[in-house]
Amino acid sequence: MEAVLFFLAAIGATAGAIGVVALRNPFYAVLALIAHLFSLAVLFLLLTSAFIAAAQVVVYAGAVMVLYVFVVAYVGSAHEAKWDPVPGQRLFAGLLAFFLFVEISAAVLSSALKALGTHGPDVPAGFGDPAAIGTLLLEKFLVPFEASSILLLIAAVGAIVLAGKRKSQNAPGAGDGVMSSGHSAPQARPEGVTPAPASPGQPVGAPK
Amino acid sequence: MNISWYIVLSALLFTIGAIGILVRRSPMVILLCLELMLNAGNLALVAFSREVGNAQGQVFALVVMVIAACEVVVGLGLIVAIFRRKLPLDVDDLRELRG
């Protein structure tokens with residue numbers, strides 16, 4: 001039963017990963033990544049780590065992927081050129097990846113970790129459930145826990161600063177198509193800013 | 001199931017993510033492939049945690065998820081900023097830092 005579940009989840013995870021790499025439309029790539037994350041959650045459950053599986057589904061497949069979907073919808077699906085700018089890039093990438101896979105597998109499987117060939121030791125019933133992880137986080141790993149919360153705050157502020165509007169550089173209506181009516185006269189632009197070549201009424205996501 | 005199956009699967013997923021980063025040129029898809037690689041690392045961490053029988057490796061996996069969330073937020077903010085300046089969303093065109 002466990003082997004069947006493992007191989008189903010492994011096939012799902014691999015198919016999702018290949019879908020992320022191979023699909024042209026970024027929206028479909030995000031959907032493939034969501035399938036991949038759900039398969040990984042099943043694998044985490046098989047490894048008796050219930051809290052990680054729940055966090056994977058809630059945080060990753062729930063929150064982060066929604067952010068991706070929003071940005072894909074905002075930016076639009078940019079058409080990617082099918083040809084290689086560097087000749088033979090795909091061939092070399094495939095070769096490098098193949099050797100990387102062989103090397104990692106050989107390094108792990110030929111290591112001296114004797115417990116790799118086993119199922120792992122028998123663990124108590126509460127292994128990896130939220131209570132155990134919470135105890136670890138708040139007792140043994142308290143400083144990394146707080147540091148990661150500060151890191152999340154910094155990342156949120158940084159994203160707002162990065163993606164926010166710049167009043168000095170964006171002429172009114174050049175950055176977004178919402179405020180373009182009535183303010184697109186040339187004298188309204190600050191000095192030193194060239195007018196945007198694209199028309200302000202260009203729909204968001206139109207191919208450039 | 002032996003733990004080594006999980007490790008080999010993790011290596012395979014990491015490799016697929018590496019292929020995506022090497023081949024694709026849209027920065028958004030490159031971020032997605034980076035997620036694949038981080039998740040492969042997560043799978044290896046949890047598998048090793050199960051192998052040792054110690055739940056501390058799962059805390060490592062949680063921290064990796066936090067880092068991945070930060071990286072996604074900053075990366076998507078950069079993509080939105082690039083898009084607002086009407087620059088091409090192509091990593092082969094975005095070679096110079098200025099401009």
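## Where chain B meets chain A

Let's start at the interface: 62 residues of chain B are in contact with 74 residues of chain A, where contact means that two C-beta atoms, placed from the backbone, lie within 7 Å. This is a predicted model, in which local features need pLDDT of at least 70, side-chain atom pairs count only at pLDDT 80 or more, and totals for chains, interfaces and linings use all residues. To find your way around, note that residues are numbered from 1 along each chain as its sequence is written, while chains are lettered from A and ligands numbered from 1 in the order in which they are written.

On the chain B side, the elements that give two or more residues to the surface touching chain A are helix H1 (3-23), helix H2 (27-52) and helix H3 (56-84). Helices here are DSSP runs of H or I with at least four residues, strands are runs of E with at least two, and both are numbered from the N terminus. H3(B) gives the most to this side, with 21 residues. By class, the side of chain B that touches chain A holds 43 nonpolar, 11 polar and 8 charged residues. In this scheme Ala, Val, Leu, Ile, Met, Phe, Trp, Tyr, Cys and Pro count as nonpolar, Asp, Glu, Lys and Arg as charged, and the others, Gly among them, as polar.

Now follow H3(B) to its partner in the other chain. The axes of helix H3 (residues 50-75) of chain A and H3(B) come within 11 Å and cross at roughly 5 degrees. Such axes are lines fitted to C-alpha atoms, for helices over the stretch in contact, with angles running from 0 to 180 degrees between N-to-C directions. H3(A) is therefore roughly parallel to H3(B), a label for angles under 35 degrees (over 145 is roughly antiparallel, 65 to 115 roughly perpendicular and the rest oblique). Among the residues that make the contact are A:Ile52, A:Val59, A:Tyr60 and A:Leu67 from H3(A), and B:Leu62, B:Met65, B:Ala69 and B:Phe83 from H3(B). The contact between these two helices has 18 nonpolar, 1 polar and no charged residues.

One residue is worth a closer look. A:Val59 sits in helix H3 of chain A and, leaving aside its neighbours within four places in sequence, is in contact with A:Val64, B:Met65 and B:Ala69. A:Val59 counts as partly exposed because 17 other C-beta atoms lie within 10 Å; 20 or more would make a residue buried and 12 or fewer exposed, with C-beta atoms placed from the backbone.

Stepping back to whole chains, chain A has 6 helices and 0 strands, and 22% of its 208 residues count as buried. In chain A, residues 24 or more positions apart account for 50% of the contacts with a separation of 6 or more.

Chain B has 3 helices and 0 strands, and 53% of its 99 residues count as buried. Its radius of gyration is 17 Å, whereas a compact globule of 99 residues would have one near 13 Å; the radius is taken over C-alpha atoms, and the globule rule is 2.2 Å times the number of residues to the power 0.38. The C-alpha atoms of chain B fill a box of roughly 50 × 25 × 15 Å along the principal axes.

Finally, a word on confidence. Chain B has a mean pLDDT of 88, and 97% of its residues reach 70 or more, pLDDT being the predictor's confidence in each residue, from 0 to 100. The model scores ipTM 0.91 and pTM 0.80.
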